[in-house]
Amino acid sequence: MSEIVSEAKKALRVQILAARSENLAKQTSHQFAEQLLALSLQQSLKRIGCYLSFGAEPATDSFIEIAQKEGIEIACPRIESNGQMVMAALEPETTPSALGFREPTGKVVESKELELIVVPALAVDHEGQRLGRGAGFFDRYLEHYTGPTVGLIYDSEFLPKVPSEAHDAPVGHVITQSRTIRIPFER
């Protein structure tokens, strides 16, 4: 990894995390749910991979609840003992992970069975490049996934350019609390 890109990513992470708040996550939860549900229903999706939000991340709980009521199956990330991320069926019970987020306890869902994956992000740029938290779990998982992806970010986190490298997996859509954006972004 280029030292310059690594430092630029680190600085941007600090800036974005400092601007996020749990209050903003709560205030915008329903807006994210509406945007995600509209995208899901437009495409008649039946099985979606979606992260379980925590802290100040764009909230996914409302979307998951509504989607399940609509008959959409949800699979969520779980880190296995070998350090690899899988998507597993979301059941009522979750367990806390060593990294601080909730994990599903259900059976593993193969990536080819997912019709869309909702990816956490700290920022996304006009070309779909996503800034994650830096552990690379989603980037490695997305190497083997060929379906559509959507990054969830706040309006202020949709940027003209995000520092990225060849291994960073871009997203095909961006959803903010106020809009859905198809990538490449038409200016």
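Author: A nonpolar core is a set of buried Ala, Val, Leu, Ile, Met, Phe, Trp, Tyr and Cys residues joined through side-chain atoms within 4.5 Å. This is a predicted model: local features need pLDDT of at least 70, side-chain atom pairs count only at pLDDT 80 or more, and totals for chains, interfaces and linings use all residues. Residues are numbered from 1 along each chain as its sequence is written, and side-chain values use heavy atoms, leaving out hydrogens and water.

Reader: Which helix gives the most to the largest nonpolar core?

Author: That core has 45 residues. Ile48, Phe63, Ile74, Ile117 and Val118 touch the most other members. Helices (H or I, at least four residues) and strands (E, at least two) are DSSP runs, numbered from the N terminus. With six residues, the top contributor is helix H2.

Reader: How many residues are in the other core, apart from this one?

Author: Leu12, Leu131, Leu159 and Val162 are among its members. The count is seven residues.

Reader: How far from Cys50 is the nearest cysteine sulfur?

Author: A disulfide is a pair of cysteine sulfur atoms within 2.5 Å, and the count here is zero. Cys50 and Cys76 are buried (under 20% relative accessible area; over 50% is exposed, in between partly exposed; 1.4 Å probe, protein chains only). The sulfur closest to that of Cys50 belongs to Cys76, and it sits at 6.0 Å.

Reader: Which are the edge strands of the eight-stranded sheet?

Author: The sheet is open, with mixed pairing, in the order E6-E3-E2-E1-E7-E10-E12-E13. Strands pair if DSSP finds at least two bridges between them. Two strands pair on one side only: E6 (108-109) and E13 (180-182).

Reader: Which residue in E12 is the bridge partner of Val150?

Author: Strands E10 (residues 149-152) and E12 (residues 173-175) pair in the parallel sense. Three bridges join them. The partner of Val150 is His173.

Reader: Which residues are linked with Lys9 in a network of salt bridges?

Author: A salt bridge is a side-chain nitrogen of Lys or Arg within 4 Å of a carboxyl oxygen of Asp or Glu. One partner of Lys9 has its closest N and O atoms 3.3 Å apart, and another 2.8 Å. The two are Glu165 and Asp168.

Reader: Is Arg133 buried, exposed or partly exposed?

Author: Arg133 meets Glu57 in a salt bridge (3.9 Å, N to O). Glu57 is buried, at 8% relative accessibility. Arg133 has 45%, so it counts as partly exposed.
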